[in-house]
Amino acid sequence: MKKSIAERGILSPYDYKKPTVLAVYALLILLVVIAALFTLYPYTVTILNSLKAREEVFVFPVQYWPHHLKWHNYAEAWKFLQLWHYLKNTIFIVAGNMAFSLVIIGLAAFSLAHLEVPKRRWFTMFFMLTLLIPPSTYIIPNFLNLKSLGLLNTFWAFWLPSAANAFNLLLIRSFFGTIHKELFESARLDGASELRCFFRIAVPLSVPVLITLLIFTFSSSWNDWFWPSLIMQKENMYPLASAVYKYVIPSRSIDWNVKFAVLVLLLIPPVLFFVFFQKYIVRGMNLGAVKG
């Protein structure tokens with residue numbers, strides 16, 4: 001099995017014997033290591049600072065490792081922000097966004113891939129065109145639309161926009177296009193409706209790309225602080241990211257080591273989510289995003 005995988009690689013055992021190939025290969029590995037270090041640096045500093053005493057955070061010259069691990073910083077962080085309350089709001093928003101994205105975007109992608117939608121090629125081109133438009137240009141129109149509908153300060157202001165993501169739509173549509181149409185034609189001959197074809201055939205065959213969609217939706221919903229700060233004026237409905245932005249970052253009554261502890265607590269759920277489902281990301285992107 002290992003031999004067959006190696007044979008499918010870019011470089012063969014013969015290539016590894018060439019000095020120039022080895023030099024380029026070593027340079028590429030070095031660049032990957034440097035990129036990984038630059039990526040890990042801010043997270044490492046955040047974690048280490050969350051375990052330091054208050055005086056150690058700003059000591060000069062900088063000391064990366066804490067003298068003694070201060071685990072009680074996390075207890076103070078949990079009490080300061082009432083994390084459980086804002087965590088419930090975040091989970092509610094994330095769950096709604098994921099459900100709306102999965103059902104509405106999934107059905108729209110299935111229609112463009114397997115139904116005789118008039119001008120569906122133009123619809124696809126239109127959605128591709130919207131990817132080139134900067135998101136900042138339609139924030140204000142979206143805000144005014146939600147205000148006119150009376151949806152500000154409600155979770156609908158999160159759920160409805162999440163179901164209009166062109167990138168996710170094209171990702172799912174590309175994957176659905178790889179499923180043989182004969183499967184759906186056979187199901188229709190047996191009397192299955194289009195909804196039944198979607199839920200009983202398309203969805204089970206598209207688990208990797210659908211989980212990729214859920215991961216993207218989870219990540220964007222969990223990390224977003226600007227949009228909730230714009231549409232939510234009720235403080236008890238803030239998600240975690242907005243609460244941290246408004247109450248933790250500018251606060252002078254909380255020490256910086258505790259602030260770092262809050263940030264580490266926020267990092268844990270997305271990291272766990274990625275660890276459990278990361279294999280579906282790679283598989284889903286390979287199968288769904290490559291084809292146009």
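Here is a short conversation about the cores, one helix pair and the salt bridges of a predicted model.

Trainee: Which helix supplies the largest share of the largest nonpolar core?

Mentor: Happy to walk through that one! The largest nonpolar core has 39 residues, and Phe155, Phe158 and Met232 are among those with the most contacts inside it. Several helices each supply at least two residues, including H4 (72-81), H5 (83-114) and H15 (256-288). The largest share, seven residues, comes from H15.

Trainee: How are the axes of H5 and H11 oriented to each other, roughly parallel or roughly perpendicular?

Mentor: Start with the contact: Leu102, Gly106, Leu107 and Phe110 in H5 meet Glu194, Leu195, Cys197, Phe198 and Ala202 in H11. The two axes come within 11 Å and cross at roughly 105°. Angles of 65 to 115 degrees fall in one class, so H5 and H11 are roughly perpendicular.

Trainee: Which residues are linked in a network of salt bridges?

Mentor: Good one to trace by hand. Arg54 forms a salt bridge with Glu55, with the closest N and O atoms 3.4 Å apart. Arg54 also meets Asp255 in a salt bridge at 3.9 Å, N to O, and this pair, 201 residues apart, links helix H3 to the loop between H14 and H15. The network therefore consists of salt bridges linking Arg54, Glu55 and Asp255.

Trainee: Is Glu55 buried or exposed?

Mentor: Its partner Arg54 has a relative accessible area of 45%, which makes Arg54 partly exposed. For Glu55 the relative accessible area is 54%. The cut-off for exposed is over 50%, so Glu55 is exposed.

Note on methods. Residues numbered from 1 in each chain as written. Predicted model: local features only at pLDDT ≥ 70, side-chain atom pairs only at ≥ 80, totals over all residues. Heavy atoms only, no water. Core = buried A, V, L, I, M, F, W, Y, C linked by side-chain atoms within 4.5 Å. Buried < 20%, exposed > 50% of the residue type's maximum accessible area, 1.4 Å probe, protein only. Helix = DSSP H or I, 4+ residues; strand = E, 2+ residues; numbered from the N terminus. Axes fitted to C-alpha atoms, helices over the stretch in contact; angles between N-to-C directions. Parallel < 35°, antiparallel > 145°, perpendicular 65-115°, else oblique. Contact = heavy atoms within 4.5 Å. Salt bridge = Lys/Arg side-chain N within 4 Å of Asp/Glu carboxyl O.
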